Amino acid sequence: MSGYGRSNFTWNGTLRELQTSSPASCKERARPAMAASASSSGVEVLLSNLQNLGDIESTLNILNVLDELLSAGTDRRIHYMISKGGSEALLTAMVKSARSFNPNYTLLLPLLHLLAKVGYRDRRIGMKAQNADAVRLTLSLLRQNSKHPRRAAACLWVLQVYCSSVSTANLLGECRAIDVIYRLICPYTTKTLHTIKAAIDALAALLCTKANVHSAVSKGYVAGLLRLYEDWSSKDTEHVAIAIRCALLRCLHEVTNSTAGRHALVAHGGIGLLYEVTQTCLFTKGLESLVDPSVQLMRKCYPKSTLPLKSDLSVYCLELPRQPGSVPAPEPELNGEEDSEEEDDEEDDSNESEEADSKDYDDDLETDPDKLRSRPAPDRPPELLAQYSRLRPELTYEFQELDSSSSEPEDCSSSSSDEEVQSSAEDASRLKPSDFNSCPTFRTKGRDASLSPRCAVLFRGNHGPREQREEEGAEEGAEEAQRRRTMVDTLAERHIGAGIPHHDRRLYRAAAVLAKSIPGFNILAFPDFWGHLPPPGNEPMPPRKPKVQRQKVFEDIQRLLNPDDVINEVVFDLEDPSPQCSSERSNSLKFFSKFESGNLRKATQVRRNEYDLILNADANCSQHTQWFYFEVSNMVANVPYRFNVINCEKTNSQFNYGMQPVLYSVREALEGRPHWKRTGTEICYYRNHFCAARGKKRSTFYTLTFTVTFRHNDDVCYLAYHYPYTYSALQSHLMVLHRSVDPSKVFFRQQVLCQTLSGNPCPLVTITACPATRGMRDLHQFRSRPCIVLTARVHPGESNASWVMKGTLEFLCSDDPVAQSLREAFVFKIIPMLNPDGVINGTHRCSLSGEDLNRQWCKPDPVLSPTIYHAKGFLYYLNSTGSTPLVFCDYHGHSRKKNVFLYGCSIKETLWQSGSDTGGLKEDPGYRTIPKTLDRLAPAFSFNSCNYQVEKSRSATARVVVWREIGVLRSYTMESTYNGCDQGIYKGLQTGTRELQDMGVKFCHSLLSVRRNVPSLYSSRRLVDHIDLDHNSHNCFEDDEPPCVEEIEYSTDGLSKLKGSDLDSDINGNTSSGDEQEEEEEVVVHKGFNPIRRCEGQSHQSSLRSRLFPHLIGHDLEVIEVLHMKRNSCNGVGITGRQYLS
């Protein structure tokens, strides 16, 4: 298996074959230690002989063999050698050689080189070095050879790998290694560059511990490193020392991992220096490797500042009722409510959404089959369930109107829960102009509901020429007429809008008057009052502008460096009693958010066209800032305005992947284009330097920045995180649906599930088909239909869920044959808004109790979580009467994923994913029926993004509780993206309200798959014509986004650590030059200090000499020849790049 020649020799076998051939071939040589056991491998024999340090020629030959063995192939060989005691052998040999009276660097230098290569891959090299007494010895060698660059570099690389152990790094720090190494880093020079870089890398490695960082800071080394970086950056005009400049940045990153280090860098002008150097690098090709580390360093050292707020707590606080000692029976009007969602916690997780990312996902899975199978006992006594019988009006309605065909049919779709809204709307329709105030306000029951004053000004400016002349000619008459008319009525009468389906402005106004909020809103947001039509065509995801985040960070840093350029004037503050707390600056935008679902706490003008925005936390807590919705006016057309939302909490956002906020223009709506449109350029989302005012535990904030260019001067626009859908919009929508259905065909009943904490009714809607006759058979079929329970909007910020629910409601009330078939097959119990209080007050995730209602399903509190308590009670009631829902689905929105998908529950898939035994486990696969059907029906749906695993952290969500406690096999959370799709016909497009409503329709279509007579249903030509069954989702199993192209975080570890391949390259470059005398001469530097690859024709033996035996080149060439001849005479063994591991 072995062979050799005059100029080269090779080993073509494996390491195990080397075990038998190597000892036998070298028996003639004087190697007493070669007497290894027959079971020893060839590597073990070589290492054993290496530790015994025979003659120099034999030791060099062993090092040669090991180096060649480890240089070819992957790190697997090095790890194999480490497992056989390679690190210990090299350390022992190095210690023995270094402790001699006159160390032989002909042997010691190759030993150090090989030790650095092997030690870098050994995670325990630091402790091994301490045990071998090699740490102080190596540092002593460095002190002795500080004037010999090549030897010093070898010692520095070994010290660097020692520092992989914190205790070893601290030991070196105690031995003043930092001082020794720091003195080796000199200002700009063209000499001994490898040694300088090795010193910087070793210093960076030493700074991995707090003690060493503290020592470096106290000795002023931060300022010294900054001066060195400035010197090398200014004088390296040929850009040949980029590697040294990168290494200096790595040092600065390490030292600034401590607060003292960051303060020292800022105090010595480090941010300004880095900014100036980085700006010059931007215009030089090839210096990109310096820009990103510098930007990250500036971001990390940017001085922390608290949010400019009086308190972290929300502006909206409600005094919560005391919880009674026992659970009282609810009032007769209160009804069981429904479920909540689990999706958002997939993305937001409970109150600390991103914490789930730091956990091992498999550790969160429920692995106890008994817990998965068992059904917990009900959380309330059975006698409390009788109250929910009123929520099944279809069981008691007599349908007397079906007796006589001559009489007018009685309305069987009446509503008992919307009486207040309907009464208010009817009262409003009977009011005379004199019943309204002179100001543009609608007043009823002591409450006002008016448009924003700026909308009123815009409307008056939008009058036609004839009206303007009449006003100018008869000023007093106009004033009198204006006093007798409300702006709301004027808008409703004068401008188009009746073409907006299922929207009635008078009903909306009436519903808004009745909505109860903490601040007592009396202003209507124009888009909600006026209505919205989907814009024509789809809106694509805009491509991310290259390096946009970097540019925004530079602009942020300029604020710190040039404070005189910052205006820093508050232009809106929700806590200020005045609507506009700033001085009347003519050149500043005006903001407003004190309306239903609005959220903007504070706006500060930082530069002429740039504003910092702070969102209001959820009521009664200090977290969950994501949803925003506010009015902006006083803009100049075609001027870019930058908006920075500076207190976002999530670690990532779809805004980094093509998502845009939405904008509504009042001027365009009055011109006949009432559209919410995606808007914004230069959008990015990244971590900033702000922290909580009171130092709460979670004090990391992120900035969402986007630029908007308005189309019209002095317009009134609204900006929102997503398409808003208010509680008043739902109430008025249900009223419109009630009026639109045919009572002889559709049984539509709206009831009140319960009252919320602030006294808002939570609606529950029943939809099914009326029986054909009052005959016993028809009534029996009517009253025995299975139930399907749908819920939505447990998280207020997920307005996309409401748009999906809107599509579901409208479809189920339509004349579509599929809708008619579904009504005839099922009774739909729908709770379209589980958290009305949160929606009204503009919160993102919580109710007014400050709790995530989707984490309260296990044991909901009847006082603090009434909607969840009664929704669960209603489900208990259905189960107790033998009407367990066939399907339960909770509609949610997802902010970190694209497409639409379902979460379900499966024992088998949960156990399989967790690695548990599933053999013999039987499970009904029916939970996959609806997702598979949706995959064929809905272009936005992704079956591959669905998940059916039960996580411990989701055990209190609606999906899991309804599955486990109520026994609903098909219990789902439906997640809809805020952004768009990455598959199918919608690929690359952002979803709009049209697509969201269509998803609600498609979900209804999918329910056909759970009908008893599915085959006959699908064979019906009448229904197939209405359903597209040809769509299939993409075959991709990656449902999370790839890493953002730019770093959202500023890494606490600074630059990536030096790679093993880079270290090998540095070592080889150090050994491939000339002799010691050449080191003192000026050298030609190659960028990156990578060794020059030898041409293909150069002999392998010559390469070995230049790499492992640099000290022998030149005046010691004769020694090489003697060594070569002796090796040939003893049939020595060499190894080339073959397969060495069997």
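Which residue in E19 stands opposite Phe630? Keep that in mind as you open this predicted model; the tour begins with the sheet that holds the reply.

**Stop 1: the five-stranded sheet**

Select strand E12, residues 629-633, together with strand E19, residues 716-720. These two strands run antiparallel and are joined over five bridges. Now show side chains: Leu719 in E19 is the residue that stands opposite Phe630.

Next, widen the selection to the whole sheet. You should find five strands in the order E9-E12-E19-E14-E15, an open sheet with antiparallel pairing. Its edges are strand E9 (590-592) and strand E15 (676-678), each of which pairs on one side only. Turn the view a little and look at the twist: on average, and with direction ignored, neighbouring strands here are turned by 30 degrees against each other.

**Stop 2: an aromatic cluster**

Stay with the rings for a moment. Select Phe526, Phe529, Trp530, Phe592, Phe595, Trp627, Tyr629, Tyr664, Trp676 and Tyr718, which form one aromatic cluster. For context, the structure holds 33 aromatic pairs.

**Stop 3: the six-stranded sheet**

Move on to the open sheet built from six strands in the order E8-E10-E11-E13-E18-E16, where the pairing is mixed. Strand E8 (569-573) marks one edge and strand E16 (681-687) the other, each pairing on one side only. Neighbouring strands in this sheet are turned by 20 degrees against each other on average, again with direction ignored.

Zoom in on E8 and strand E10, residues 602-607: they pair in the antiparallel sense over four bridges. Pick Glu569, and you will find Gln605 in E10 as its bridge partner.

Then add helix H29, residues 548-561, which packs on the sheet. H29 touches E10, strand E11 (610-614), strand E13 (640-648), E16 and strand E18 (702-709). Compare directions, and that of H29 makes about 70 degrees with that of E16.

**Stop 4: a pair of helices**

Now select helix H3 (residues 56-71) and helix H4 (residues 76-83). Their axes lie 8 Å apart, and the helices pack at an angle of about 135 degrees, so H3 and H4 are oblique to each other. To see the contact itself, show Leu66, Leu69 and Leu70 in H3, which meet Arg77, Ile78 and Met81 in H4. By class, this contact has five nonpolar residues, one charged residue and no polar ones.

**Stop 5: charges over rings**

Finish with two arginines. Select Arg151 and Tyr105: the charged end of the arginine sits over the tyrosine ring, 3.9 Å from its centre. Then jump to Arg380, which lies over the face of Tyr869 at 3.9 Å from the ring centre.

Notes: Residues numbered from 1 in each chain as written. Predicted model: local features only at pLDDT ≥ 70, side-chain atom pairs only at ≥ 80, totals over all residues. Heavy atoms only, no water. Phe/Tyr/Trp six-rings, centres within 6.5 Å; stacked < 30°, edge-to-face > 60°. Lys NZ or Arg CZ within 6 Å of the ring centre and 35° of its normal. Axes fitted to C-alpha atoms, helices over the stretch in contact; angles between N-to-C directions. Parallel < 35°, antiparallel > 145°, perpendicular 65-115°, else oblique. Contact = heavy atoms within 4.5 Å. Nonpolar A, V, L, I, M, F, W, Y, C, P; charged D, E, K, R; others polar. Pairing = 2+ DSSP bridges.
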